[in-house]
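Q: Please take a close look at one part of this model. I want the contact surface between the two chains, seen from one side.

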Amino acid sequence: MKQHNRVTWRVFIISIILLIGLTGCGGNSKDMTSNEKPTKENTSQENASTTNDTKDVKLVFWHYLNDRHDLLKEMAADFEQKTGIQVDIQLFGGDGFKQKIMASAQNNALPDVMTFAGGAGDLGQLVESGNVMELSDMKDIFGKFPSTILKTFTYDEGNIFGVKKLGTYALPMDTNNIQFVYNTKLFEKAGITSAPTTWEELLADVDKLKAAGIVPFATGIGSWVAGSLAAPYEIAYLGEEKLVNVKKGQEPLMDSGYLNVLKRFEDLYKHGAFAEGIATMDLPTAEQMFVNEEVAMIYDGSWAIGVFNQMNPNFTQYDVFSPPKPADATHDVKIPGGIGVPLVINQHTPNKEAAMQFVRFLVEKEQQQKYASKSFNLPANMEAATSEGGMTPALRNFSLGMNHIIENGGTYPAPSVETVLQKGIQLIAIGQSTPDQVLKEMDTELQKALKEKK
Amino acid sequence: MDASSLPSTKGKSYGNRKKIIMRYFNLAYVLPALLLFILFSLLPIIRTVQYSFTNFNGVNSNYQFVGFKNYAAAITDTRWWEAVGNGVIFALLSLVFMNTIALLLSVAANSNIRGGKFYRVVFYIPPILSGIVVGYIWKWIYEPKGLLNGVLRDIGLDQFTHVWLGSIDTALYAVAVSSMWQGVGGSFILFLAGLQGIPKDLYEAASIDGASRSQQLRYITIPSLRKVYTLVNILTILGALGIFNHVYAMTMGGPGYATEVPALRIYREAFTNSNFGMANAFSLIFGIMLFILSLIQLKLSQKKD
C-alpha cells in the first residue's frame, strides 16, 4: 500500500512539473502568434465590428492628461452625439503611464485608442511587437499636420530605431515645445526689463534676482526634464549631425564638446540659480512654485500654460523666452518639441473603424480649435493653428518656437546613458559632482551600451 | 488458498481502491489553491528565470538566449551594489529603531493604560495606507517650505531647517523615517499578539519575588518574545530591502544615486531601459539574497532556542 501511495504521489508531482514545464516553454511561441497575427477570435470580432452598427460600439481611450480629462470627456460626448459611438475616457495620470502601456502591451491588454507617452524608440518597440496599428488608411488627413511633426512617429527605411515594419503609427493631437517661462512681475521687481537673449545675460539676470531676494529658477530636474534642459545646449555646442554621430558612437563623446553642455549646469549652480530641493524636484512641484510666485523662471513645456491656468486662473503675468545661446557655442540653439500628444490605435482592437473615426474627429479643425482654446495647447492641425486668434504672449511665443525645434537630436543605444546624464545633472545642480566626472560616467555607460549592441 | 478467505481479499482490495479514490478526491480540494499558486507564483518565477537568460525588451517576443551575460553584468554593476547597500541601511535602521519603538509601544498598549484599545487601532492605521500615499505625504512634510521646516522655524530652530530630500546627506534617512513610520504598526501588532500569549502568572510570580518593571521586561517579556522577534525581524528585513513605493514617490532614487534601492533599480531597468532580461537577472539575484538572509536569521534563532 505504501509503495502504491508513493507511486501515486510521484505520478502526481511529475504531472504537475510537466504541466508547468509545458506552459512555461510554450509561452513564447504563443506570444509571437498573438502579437504578430490577429487570432481567429480577433479577426472574427473585427469582421463582426465592421459589419455591425457602430452604435453598439464602445471604445476605450487611455490618456495621461490630468488637466484635459474633462475636456476629453466633453469631446467624447460630442463624438457620441455625432456618431452614436460611445467612448470611455480613462485617465492614468502621473509619470508611470508609459510603463502602464508597456506592461499592458505584453498581455495584449491595450485599449482601442490611447495617447502614447514616450519617444519614437519606445513606440518602435510596440510597432515591432505588432501592438499598434499602421495608419496609412488615414493618409488623407496627413496633410493637415506639419510634415516635420508627422515624421516623429514615421519609420522609414534605415530608421535609427531598427523598426522593420515601416509606416506612420501615431497622429498628433497637439504640438508642443519646451522653453524658459519667466514671471514678468518678478523680473521687473529685480530691475530686469527684458528677457535674456544670451547665456551671459541669463547669468547676470540670475544675479540680479538673487540680489532682490527672489529665487531665480526651478524645474523638474529630479525627473526627465534634466535631459530636456540639456538638449538645446547639446545642439548649440555639437550641432545636430555631430550629436547624432556621438550618440551612435561614431564619434567620441569625450572630446565632442559635450563638457560645455554640462558646464552650463555648473554655471547655474555657482550663481545660485536653483531653488532649494532642485535635485529631487519634479515638474509639478516646480510649476506650483512658479504659479505661487516663489521662483522667477521655470523650464517647462507649452502645456504648462494650461497647467498654470488650472492652478490659478488669475496668474497671467508671465512670458516665454528661448534657451539663451552661450557666447562660445558655434551652432544655433534649438528647442525640444514636436508631437505633444500622439494618438495611437491598438492593432488588435475589434473596433478598428470606430477607433479611426474617433481619431479623425479629435484632429479635425473644429475640435482642434476647441482643444487649443480650452486647454491652452498648441493645435496640431494647421488649419486650426493658422486660424486661431487672441493668443496670450506666452502662447504666441511657444507657437513661434515650433520654427526652431530640434529635428534630430539622435538617440543613445541604450536609455541608461540618459539616466546617467539625468543623475549627473542632479548632482552637479547641488555641487556634488563635476561636469568632468559626469561626462566620464556617461562615456563609460555609452561604451557599455555600444558593446552590448554589437 | 482457503475458499473462505476469498471474500475478505475482495473486500480488502475494494477498500484499497476506495482509499485511493478518496485520496484523489481529497487532492481535488487543494487543486484550486494549487492552480492559483502555480498560475500566480510558480509560473512567474519560472518565466523570470527563463527571461533572465534572454535579451527580452518587455514587448518584442523575438528575443535571444544570451546565457549568463545578464548575471555577469548584474554582478559587476557597481551601481547595483550601491542600491543593495542603501537597502541594507534601510533594513538596519528598521531593525534597530522601528522594531524597538514597536516593542515599546506594544508593551505600553498591553499594559492597563487608559485608552489601550484606541492606541492599538491608531498605531495600525499607517500600515493600511498605500505606500505611495504615505510617500507623497512625507514628501510634502520634507519640502523646503514644508511642515517639518515650518515647525522648526516656528519653535526658533531655524538652524536645523534643511533640504531633507534634496541633499545626499539626508535623503536616505528621510525616506527611511517615512518607511519606518508606516512599518512600525505592523511590527507593533505582531509584538502585541506575542505579548498577549505570555502567561500572566509569570509576571505575578516575578512581582511577588520583587522584580521591577524593567526586570520583568528583560527577564520575562523579551525572552518570551524570541520567536515573534524572529518573525518580525525577517519581515522587517524583507520589507526594508524591498522598499519601492516611498522612494518612487519621494526621490525617484535621487539626488543622483543617494536613495537608489534594488526594487527601484529593477523597475528602472525593466520599464525605463526596456531591459527585462537584465531586470529579471537582478530580481533573481536579489531574491536569492533575501532567501539566504531569511534562512540565516531562522537558523540563528533556532540555535538560540
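A: What follows covers the interface, then one residue of chain B. The model is predicted.

Start with the extent of the interface. On the chain B side, 50 residues make contact with chain A, which answers with 48 residues of its own. Together the two chains bury about 4,000 Å². Carbon and sulfur atoms account for 57% of that area.

Next come the charged and polar links. Three salt bridges cross between chain B and chain A. One pairs the side chains of Lys139(B) and Asp282(A), with N to O at 2.9 Å. Polar contacts join nine residue pairs between the chains, counting pairs with both residues at pLDDT 80 or more.

Which helices build the chain B side? At least two residues each come from α1 (5-52), α12 (245-250) and α13 (262-272) of chain B. The largest share belongs to α1(B), which gives 14 residues. By residue class, the side of chain B that touches chain A holds 24 nonpolar, 15 polar and eleven charged residues.

Now a single residue of chain B. Ser179(B) sits in helix α8, which spans residues 171-196 of chain B. Its relative accessible area is 15%. The cut-off for buried is under 20%, so Ser179(B) counts as buried. Beyond its neighbours within four places in sequence, Ser179(B) contacts Ile243(B) and His246(B). Of these two partners, His246(B) falls within the span of α12 (245-250) of chain B.

Conventions
Residues are numbered from 1 along each chain as its sequence is written. Chains are lettered from A and ligands numbered from 1 in the order in which they are written. This is a predicted model: local features need pLDDT of at least 70, side-chain atom pairs count only at pLDDT 80 or more; totals for chains, interfaces and linings use all residues. Side-chain values use heavy atoms; hydrogens and water are left out. Contact means heavy atoms within 4.5 Å. Buried area is the accessible area (1.4 Å probe) that two parts lose on being put together, summed over both. A salt bridge is a side-chain nitrogen of Lys or Arg within 4 Å of a carboxyl oxygen of Asp or Glu. A polar contact is a pair of N or O atoms within 3.5 Å; within protein, one must be able to donate a hydrogen and the other to accept it, and residues adjacent in sequence count only if both atoms are side-chain atoms. Helices (H or I, at least four residues) and strands (E, at least two) are DSSP runs, numbered from the N terminus. Ala, Val, Leu, Ile, Met, Phe, Trp, Tyr, Cys and Pro count as nonpolar, Asp, Glu, Lys and Arg as charged, and the others, Gly among them, as polar. Buried means under 20% relative accessible area, exposed over 50%, partly exposed in between (1.4 Å probe, protein chains only).
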